[in-house]
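Open the model in your viewer and keep the selection panel at hand. The stops below follow the contacts between chains, then the contact between two domains.

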Amino acid sequence: MKKIFLICLGLICLLNSTALGAAVKIGLMAPLTGAYASEGADMRRIVELLAEEVNKAGGINGAKVEIVVQDDGSDARTAALAAQRLSTSGVCAVIGTYGSAVTEASQNIYHRNGIVQIATGSTSIRLSEKGYERFFRTCPRDDEQGVVAVDTLHKMGHRQVAILHDSTAYAVGLADEIREGLRKGGRTNLVFYNALQPNERDYSAVLTRLKNTNPEVIFFTGYYPEAAMLRRQMRDMGWNVPMLGGDATNNTDLVKIGGAAAVEGFYFISPPMPADLDSQSAKDFIKSYQDKYKTMPSSIWSVIAGDAFKVLVAAISSVGTEPEKIAVYLHKYLEDFDGLTGKISFDDKGDRVGDLYRLYRVGKQGEFVLQPR
Amino acid sequence: MIVRRLPKPAGIMGLGALFILMLALPRILGPYWTNLLNDMGIYAILGLSLNIILGHCGLFHMGHAAFYAVGAYVTAILSTRFAVPILWTLPLSGLMSGVFALVVARPIIHLRGDYLLVVTIGIVEIVRIALVNNIFGLTGGSNGLLIINPISIFGFQVFSPAHFYYLIWSIGAVTILLFYLLQNSRFGRALNYIKQDELAAEGCGVNTSHYKLASFVLGAVWAGMIGTIFAAKIETVSPQSFSYSESVLLFAIVILGGAGSIPGVLLGAFLITGLPEIFRELQSYRLLFFGAAMVAMMIFRPQGLIPPGRRFYKVRPYLGRFPCGIAARSGARRGISLSASPGYPAGTDAGADAGKPARGPGDMIEEQA
Amino acid sequence: MRRPGEDVPMIEFFQQLSNGLAVGGIYALVALGYTMVYGVLKLINFAHGELFTLGAYLGMTLLLSFGLSGILGPLPAVLIIFAMITGLVGLSGFVLERAAYRPLRQSNRLAAVVSALGASIFLQNAIMLFYGPNYQVYPEETRVTITLSVLGLDIPLMRILLFLASVLLMLAMYLFIHKTKTGTAIRAVATDQGAARLMGIDVNRIISLVFMIGPGLGGAAGMLLGLYYGQIRYDMGTLYGLKAFTAAIIGGIGNIPGAMLGGILLGVAEAMGAAYVAPAWKDAFAFLVLIVILIFRPTGLLGERVADKI
């Protein structure tokens, strides 16, 4: 009896270990250190939380999901090493990463190693123009946002427009798209087009300059910290002019940094906020995130990383872990997948299809109010 | 005049074994570690080129990334705009980088110590800002430039980590050999003299600003050429790869390894690029440990991990040739060499002579010869 | 809003000058601590920027956690916390010197520089791991948000306070170094450690003291910055450290009024460059000013012309 029991035990152990050996490995390349460290921390939390949920529900077709996390350090060289490392750690697909230039440094490595890559915050147009058939992104592209931005500016009806960017790849791209769009529209007059230097504390010099060009509206294409500081320092100057931002200003820290009083009335276009996600799955997810970490995800981009995980799970559960098959599945068969941030389909280039952008306005208490379309 | 200790059979065997090991490494290690070795190789060569300026000549130069950037961008621009094959741009990258160094270093070469240090930091920042702002419409702004064509050597395309490994480390081997010869040449000795005591060097007829400038240009030429290889490897040349912190790492490689010592710089490059990767499993804690390790290593070996060996000069041919000097020295007989101690004298810039190691007469002999 | 006939370019110029002076005041404050340490030890303390960040973060923690502002009202609370920050960061400076610099005092100077760089990486990541990588903000009620309108210029009151604080601290340091006995001892150690020891000065104690004052000043500057801009981030020390170092060098490193002058010059140069040439090249102007000044005055504006060793 005892013998049989032992043998059974041994068999169970063996089965378990084979089950472990066959775990589905998915890579996550995220900026855990460096300039984007805050985004990376959230990306990791969300993907690990989702993986936990999948595993609790029995895994993908019985196989557990294992997330292999590597730090891309928010810079190209570290990212190349991280990509190399992930490529040899037996992952079939990699989620990540946030910065466009960082993603670009890793793209060719995944491509050559035949691994599926789903970028989550890299909106630079160039990334999906290279013909890499296993490259996808669950975030939108810069040109898409430019169209929405121009549209919004036209609707607001201001004639004297100032555009300010911060020289980062993303912000310049968006600023150029908007400038082009406005020129074609022919209804506005561009009074200012220039850059500030990011990661500073003091923007009074550029603001003073800007003020003297008398714009009716300012479009800032950079990131939330600068947007918040600009608003705060505009208020200190006693200058109140409508201001819009791109999707990189969508972060709850915008209000934290700028202070509700200064940021009130700021508009930004963005994919919907984590709190405004209306599908049931998204609501459930946000709830479990809050239960676990006691806060909201601070930006939409980390939720988009969660979407990358979800489409991968969908693909793997129907076609297995072969990267080729995953890619074909994502290109051809994934239609209107019910993601956290809305419906997801991919086009031939691997870009996400569908209009994701909404207009937001910051309210009195600093809450982000979705504007009716 | 310099004693080159003849390689003994054991040494030859050792070198041969090392060579075979180096050849086999990519197969043993797999692509991730090979790629890390490639990064180490690039940093080692960059470190060696900085070593000329910082280690041999003793100029506090913390802006080496600027020269490296010029090389990488020359390659990227020529390759993307004019479809020039990448390896062809190698000499041009070196040349442009050298010219750039000549132009910027000329007015600042007379600055001393920390003043030079901060100016070189300023130069690397100005270069980075210029690149970000798409200067002359050539650099592609902060997006950088994307290199499409791989390196091809007689039709053989270099793209995998193993290919780059052989390319980088062959260049590395050539660099080590050349810089070894250089360090023991008249030029190398002059640089060392300037480091030990600029005034005395000048007094002995060494044209110090000429030599300082030459060391800058030489270091820059080399860094520019490595920029080409880096550009080919990383494929996206963008300003953030050439930041101030990159210069700081290079600076740390040279000082940590041992200023003026080739094996030291190699070890420094291995540690500075390797440690963050070894600490990778610590995730977000890795840089914390890296910083602590830097402090610990410096305290453990303040002269660098492998400080340069004492320089030996064979004085026999000079015996009796000078009315006063070495002939009078009782020790200077057959088989006994004179030496000069390496390392920075403490407080050179403070103008304090206290604590300066006594100079051996070895260098003097060379200068008079 | 603008009345006709008003001289717009002139007003903008003075507004930009005021912008530059405010930024320069902060640079000067950070540079003061830098230059103190350098003057005595000839050590470029690359970790100074991180100590500055530490001061900003500790200030925020104290303001938020003790509820002092509730009991005492914001102003006394801020002053008390200022004193605490200066002490705490001074203490960190003391520990830093013991751990990372003292073992290297007899070795060559570049070893200490690399050790300082390592310490700076360590501290920056320690702050990130402890406080998180996000921006942190100072409580709104401790910030002075009144803006004065003088002759058509908008000048936030906080800016004037900040500038006054840096001038006062500079004066205090200057008097301390030049008029007190301890100050004399510090100058003696700076000039010649050996001779100072022979004169009965406890060199180790003086160096420890300098390493408390310098970082303490840096910490206070960090908190002032927090109060002025309202938000801080773990990696801001790198930039401010670099700018402060540049400012100290422009003024002649080791020279206290020089640090002030260098800081202000740097701030004004940046503001003017950003306003009248191109905002995106702001830092480039700062370094350009540095290079031009050093070409003509190789030891900075007020730096002593160090005699060449003869």
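Start by selecting chain A and chain C: across their interface the rule finds three salt bridges, a salt bridge being a side-chain nitrogen of Lys or Arg within 4 Å of a carboxyl oxygen of Asp or Glu. One of them to display is A:Arg209 with C:Glu12, whose side chains meet at 3.0 Å, N to O. The model is predicted, so local features need pLDDT of at least 70 and side-chain atom pairs count only at pLDDT 80 or more, while totals for chains, interfaces and linings use all residues. Residues are numbered from 1 along each chain as its sequence is written, chains are lettered from A and ligands numbered from 1 in the order in which they are written, and side-chain values use heavy atoms, with hydrogens and water left out.

Stay on this interface and turn on polar contacts. The rule finds 14 residue pairs in polar contact between chain A and chain C, both residues at pLDDT 80 or more. A polar contact is a pair of N or O atoms within 3.5 Å; within protein, one must be able to donate a hydrogen and the other to accept it, and residues adjacent in sequence count only if both atoms are side-chain atoms.

Next, colour the chain A side by element. Helix 2, strand 7 (189-195), helix 7 (204-211), helix 8 (224-236) and helix 9 (253-258) of chain A each give two or more residues to the side that touches chain C. Helices (H or I, at least four residues) and strands (E, at least two) are DSSP runs, numbered from the N terminus. By class, this side of chain A has twelve nonpolar, twelve polar and nine charged residues. Ala, Val, Leu, Ile, Met, Phe, Trp, Tyr, Cys and Pro count as nonpolar, Asp, Glu, Lys and Arg as charged, and the others, Gly among them, as polar.

How many residues does the contact take from each chain? It takes 33 from chain A and 39 from chain C, contact meaning heavy atoms within 4.5 Å. Chain A and chain C bury about 3200 Å² between them, 46% of it on carbon and sulfur atoms; buried area is the accessible area (1.4 Å probe) that two parts lose on being put together, summed over both.

Now select chain C with chain B. The contact takes 49 residues from chain C and 50 residues from chain B, and the two chains bury about 4300 Å², 77% of it on carbon and sulfur atoms. The count here is one salt bridge: C:Arg109 with B:Asp114, the closest N and O atoms being 2.6 Å apart. Five residue pairs are in polar contact, both at pLDDT 80 or more. On the chain C side, helix 5 supplies the largest share, 15 residues. That side divides into 34 nonpolar, ten polar and five charged residues.

Then colour chain C by pLDDT, the predictor's confidence in each residue, from 0 to 100. Chain C averages 84, and 91% of the residues score at least 70. Over residues 1-5 of chain C the pLDDT is below 50. Where pLDDT is low, the predicted coordinates should not be read in detail.

Last, split chain A into domain 1 (2-140 + 278-344) and domain 2 (143-270). These two domains bury about 790 Å² between them. Show A:Ile125, A:Ser298 and A:Trp301, which lose the most area on the domain 1 side, together 43% of what that side buries. Across this interface the rule finds zero salt bridges.

Methods: Domains from an automatic or database assignment.
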